[in-house]
Every structure is written in C-alpha cells, then in structure tokens.
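Got the viewer open? Let's walk through the two ligand sites, one selection at a time.

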Amino acid sequence: MTFKVKTICCIGAGYVGGPTMAIIADRCPELMVLVVDINKQKISDWNNKDLSKLPVYEPGLSEIIERCRNKNLFFTTKIMESIKKSDMVFISVNTPTKEYGLGAGEASDLRYIENSAREIASAAEGHTIVVEKSTIPVKTAEVIKKILASNQKKSTSTFSVLSSPEFLAEGNAIEDLENPSRVLIGGECTDAIEALANIYLKWVKKEKILKTNIWSSELSKLSANAFLAQRVSSINSISALCEKTGANINEVSEAIGMDDRIGAKFLNSGPGFGGSCFKKDILNLIYICKYYGLHEAAIYWENVIKINEWQQKRISDLVVNKLFGTVIDKTIGILGFSFKANTNDTRESPAINICKNLLEEGAFLNIYDPKVEGDKIKNNLKEVIFTSNKKNHLKISIMASVNELVKNCDAIIILTEWDEFKSIDWSNLSKSMRSPSWIFDCRDIIKEDENIPTDNGLNIWKLGCDRK
Ligand code: NAD
Ligand code: UGA
C-alpha cells in the first residue's frame with residue numbers, strides 16, 4: 001500500500017522542529033505543514049510579525065518563514081487537532097538528561113517523547129506515519145510502538161514508526177537542511193519509508209537518502225555526535241600539549257587534517273564543545289553501554305566529557321594565573337556567550353563554566369554577545385549568582401557593544417567566534433583597558449599576521465599557540 005501524505009505535523013517547535021519544518025514547507029508547497037508546541041509563548045514568537053523576534057536565530061531562516069508562514073506552514077498550540085489532520089507526525093521534542101531517579105545524570109529523560117506518543121495515540125485517525133526526529137536512545141521506537149498500541153483511541157487507527165534523526169548543526173541549520181550530508185531513514189515498513197523519502201526527494205539527491213533498520217538509525221545519531229565531540233576533545237588535549245612544547249595547534253591541525261583518513265573538519269581547538277546535544281548524547285551512550293555491561297566502552301566515552309570539562313577549567317585557571325594569581329576585583333570582558341557563532345543558543349556553552357569559575361575567583365564580568373539577550377545570560381549564571389555569593393549578580397554587567405565592554409577591563413576572553421570579533425582593531429581598542437592588559441583568544445580570531453603592538457602593556461595569548 002502506498003501512503004499519500006498531504007498534511008504533516010511536527011510536535012516540538014524548537015531549534016530542530018522550527019527550521020526543519022520551514023524547509024519542508026518551502027520545498028514542498030503542496031504539503032500542509034503544522035508545527036505544534038505546548039509552549040504558548042514559543043508559538044506566539046514563531047507567529048510574530050517582527051521576524052527579528054523569532055524564537056530561533058539562524059541565518060536565512062526568517063526569509064523562509066516570511067515566504068511560507070500562514071501559506072502552507074502554520075505554528076499552533078492546537079496539538080490534537082493538528083495530529084488528527086495529519087498523515088505523518090514528526091516527534092521533535094526535547095530529550096534532556098534525566099535529573100533524578102534511575103540513570104540520573106546519564107540516561108535520557110523520555111517523558112516528552114512518551115507524552116508525544118500519547119498525544120498521537122489519542123488524536124490520530126486512519127494510518128499515521130510517526131517519525132522520531134528527536135535524538136533518542138536505541139530501542140525507543142519499541143516504547144513508542146507500545147504506547148501507540150495500548151492508547152489508540154480508535155480501533156481503526158494504524159501506525160508505522162520510523163527513525164529519521166536530524167543532523168543539522170546550529171548556526172548552519174538552513175544550509176545543512178537544504179544540502180544535508182545524508183538523510184537517514186530507519187524502519188520496517190517499506191511504504192512508510194518511501195513516503196518519507198519522497199518528501200526529501202523534492203530537494204535531496206537519491207544517493208544521499210540512506211535506508212537502514214530502525215535500531216541502526218537510532219544508534220547512528222548518538223554515535224555521530226559522540227565521534228564529532230571526540231574529535232573536539234582530541235584536538236583540545238593536543239592544544240594543551242602545544243602550549244607546553246612550543247608547537248602551534250593551528251599548524252598541527254592543518255598537518256593532521258591533510259591526511260584524507262583524518263580529514264580537516266572538526267579540528268579547531270577552542271574552549272570545549274557546548275550545545276544542547278554533544279554532552280547529553282554522550283552521557284546517554286555511556287548509560288546504554290553500562291546497561292549492556294560494556295564498561296570499557298563507557299569509560300572510553302566518559303573521558304571525552306572529562307577532557308571537555310578540563311579544557312574549560314584549564315582556561316579559567318590560566319587567566320587567573322596570568323593576572324598575577326588573582327582576579328579579585330579585576331574586570332574581565334567576555335566576548336561571546338553562545339556556544340558557537342551564528343546562534344542565540346547558550347545551552348552547555350563553555351562560557352557558562354568559564355564565567356562561573358571567574359565569578360567564584362572574585363572577578364567582575366562585562367559580557368557581550370551579538371545575539372544572546374542579557375536576561376538569558378544572567379539566567380544561565382543564576383546557579384553561581386544565588387548559591388555561592390549573593391552579591392555575584394552585582395558583578396555581572398551585560399554590555400551593548402564591544403567598545404562599551406572593553407573600557408577599564410584588565411582582560412578580555414574571546415569565547416565565541418562571531419564574525420564581528422574578527423575585525424576588532426585591538427591596538428586601538430585596548431587603549432581603553434587597564435594596563436597591563438590581556439586578550440585571551442580561545443577561538444583563533446586574532447591572526448598572527450595582524451602584528452598588534454604589545455609594547456604598551458598589552459599581552460595577547462592564543463589557545464594552543466603560546467607557551468605558558
Ligand atoms: P528544543 O527544546 O529547542 O525544542 C523542543 C520543543 O518541544 C520545546 O519547545 C517543547 O516545549 C516542545 N515539547 C515538549 N514536549 C511536548 C509535547 N508533549 N507536545 C508539544 N510540544 C512539546 O529542542 P531542540 O533543540 O529542537 O531538540 C529537539 C530534539 O532534536 C532533541 O532530541 C535533540 O537532541 C535533537 N537534535 C537537536 C539539534 C539541535 O541543533 N538543537 C540537532 C539535531 C538533533
Ligand atoms: C552538533 C552536530 O554537529 C550536528 O550534526 C548535530 O545534529 C547536532 O550537534 C545535534 O545533534 O544537536 P551543534 O552542536 O549545533 O551540532 O554544533 P557543532 O558545530 O557541532 O559544534 C558543537 C560544539 O563543538 C560547539 O561548541 C563548537 O564551538 C565546538 N567545536 C566544533 C569546536 O570546538 N571545534 C570544532 O572544530 C568544531
């Protein structure tokens with residue numbers, strides 16, 4: 001039986017659901033695309049006439065929303081009604097790490113997946129293809145199938161469950177969705193697989209659509225993220241060794257990346273990987289390895305996270321040491337708070353731990369990010385504000401520009417590689433800093449050929465390039 005898909009629904013209007021459905025709507029004008037969320041504010045933000053207020057910032061996204069919104073792309077809180085109308089339902093909800101109970105700190109909290117499955121079971125009519133878009137532990141499709149089977153409202157309702165994980169990277173989401181490295185579809189029902197493949201075939205080449213069994217698809221997503229994160233931890237461990245030996249991390253990265261077997265991508269050393277997924281997905285992989293008694297495999301992946309935490313601590317310690325062993329009452333400028341450039345997402349951003357460490361050392365922080373709102377930054381630091389020293393909130397100043405940020409700073413730490421930071425005239429700007437002054441470049445923003453004069457008490461330190 002071939003399945004005709006006219007209307008699709010996506011549960012979860014977040015960083016994945018919003019952009020992914022926008023691209024589908026744009027590339028498939030004949031499809032009706034309904035994006036639903038329990039968060040009323042988020043839906044209202046997606047419907048905001050002012051496109052600068054969309055809940056997700058991604059280059060190129062607002063233009064697509066403008067083209068499709070209220071034509072064949074709708075953002076709504078009418079979850080049940082939307083599922084009922086749909087032939088295919090994507091589950092794009094959050095899958096955070098469990099905070100308490102069995103598996104706390106490692107296992108995935110699947111409550112939002114379960115709730116979505118229950119919503120689908122009670123609202124769906126006819127045959128519905130359910131697609132796991134969220135990143136989930138291998139074997140989750142089994143859970144979804146059980147919930148669908150035992151909660152379906154109408155005995156005539158039937159379901160096929162597919163796994164089709166999303167591989168987009170934030171800040172590059174539109175490009176990744178328009179030209180994906182691959183589209184992975186795992187499942188048992190060939191007709192359902194074809195129905196989903198036919199949507200992607202509107203703009204993705206057939207050779208890039210990979211069809212696998214459902215468990216391979218689920219596990220490939222966790223594994224892909226673990227491999228990418230492992231590369232970042234590998235290069236960061238070498239960055240520390242460069243600083244001890246006089247080797248230069250950029251030269252080392254280039255030299256090893258030219259080997260086709262290694263490849264040049266994901267070899268930029270930095271303040272550690274952030275983002276909502278790498279850490280949580282590795283933790284989940286660790287939990288699954290332990291669950292199946294594979295303790296050595298679990299320890300291997302644990303170390304990828306440990307190196308990441310070490311890199312962040314290493315940077316804040318180094319700043320304190322360079323500033324004569326204390327930052328008490330000194331002002332440190334933080335350039336960039338998002339976990340990478342071109343996104344307003346701060347989840348697991350390395351800036352959070354580095355700022356917390358410096359606040360605990362007694363520093364005042366001036367923070368500037370081109371896309372992250374001040375309240376979000378303060379919210380991310382609230383743990384340290386409210387638990388360690390109640391006066392810490394007085395020590396955080398959110399700045400409106402780089403110019404404003406640098407004034408009277410003792411040091412600047414560049415933590416996000418925003419384009420805006422690449423054209424800063426440091427020789428001029430550093431004049432308004434307190435001397436001696438330091439710039440800690442953790443993102444290879446300042447190029448060596450810039451020849452910034454350092455005879456006026458300015459010190460420039462580059463991660464992985466300068467000896468301690
Ligand atoms: P997000 O938190 O931005 O969005 C998830 C949304 O789901 C939230 O708005 C939440 O309100 C909504 N939601 C939760 N339960 C719901 C329910 N029962 N009904 C309706 N809405 C509900 O999360 P995200 O970053 O979009 O990630 C979603 C999934 O995709 C996660 O599993 C993540 O690991 C995976 N993923 C994320 C990225 C990324 O770049 N962020 C990339 C690939 C995969
Ligand atoms: C990552 C993956 O790249 C996506 O394929 C995946 O879909 C997504 O996770 C997910 O599942 O959420 P994302 O976290 O958005 O995407 O961004 P990345 O570009 O992978 O960067 C992750 C972190 O690693 C950032 O903090 C970045 O600065 C850091 N990084 C990346 C480095 O420090 N060096 C590098 O060379 C590359």
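Start by selecting helix α9, residues 214-245: with 4 residues, this helix supplies the largest share of the shell around ligand 2. Keep in mind as you click around that this is a predicted model.

Now show everything around ligand 2. You should get 20 residues, and the nearest are Phe167, Leu168, Glu170, Asn268 and Cys277. Color them by class and you'll see 11 nonpolar, 4 polar and 5 charged residues.

Next, zoom in on the oxygen atoms of ligand 2. Pick Glu170: a backbone N or O atom there sits 2.7 Å from one of the ligand's oxygens. Then try Arg443, where an N or O atom of the side chain is 2.8 Å from an oxygen of ligand 2. Put a surface on the ligand: alone, ligand 2 would expose 700 Å², and the protein buries 90% of that.

Keep Glu170 selected and hop over to ligand 1, since Glu170 is also on the list of closest residues there, along with Asp37, Lys42, Thr95 and Lys280. The whole shell around ligand 1 counts 28 residues: 9 nonpolar, 11 polar and 8 charged. Which helix gives the most to this shell? Select residues 111-123, helix α5, which puts in 4 residues.

Last stop, the polar contacts of ligand 1. In Asp37, a side-chain N or O atom is 2.6 Å from a ligand oxygen. Lys280 also has a side-chain N or O atom 2.6 Å from an oxygen of ligand 1. For a backbone example, go to Val16, with an N or O atom 2.9 Å from a ligand oxygen. Ligand 1 has 830 Å² of accessible area on its own, and the protein covers 93% of it.

Key: Residues numbered from 1 in each chain as written. Chains lettered and ligands numbered in written order. Predicted model: local features only at pLDDT ≥ 70, side-chain atom pairs only at ≥ 80, totals over all residues. Heavy atoms only, no water. Near = heavy atom within 4 Å. Polar contact = N/O pair within 3.5 Å; in protein donor to acceptor, adjacent residues only side chain to side chain. Areas by Shrake-Rupley, 256 points an atom, 1.4 Å probe, with all protein chains shown as cover. Helix = DSSP H or I, 4+ residues; strand = E, 2+ residues; numbered from the N terminus. Nonpolar A, V, L, I, M, F, W, Y, C, P; charged D, E, K, R; others polar.
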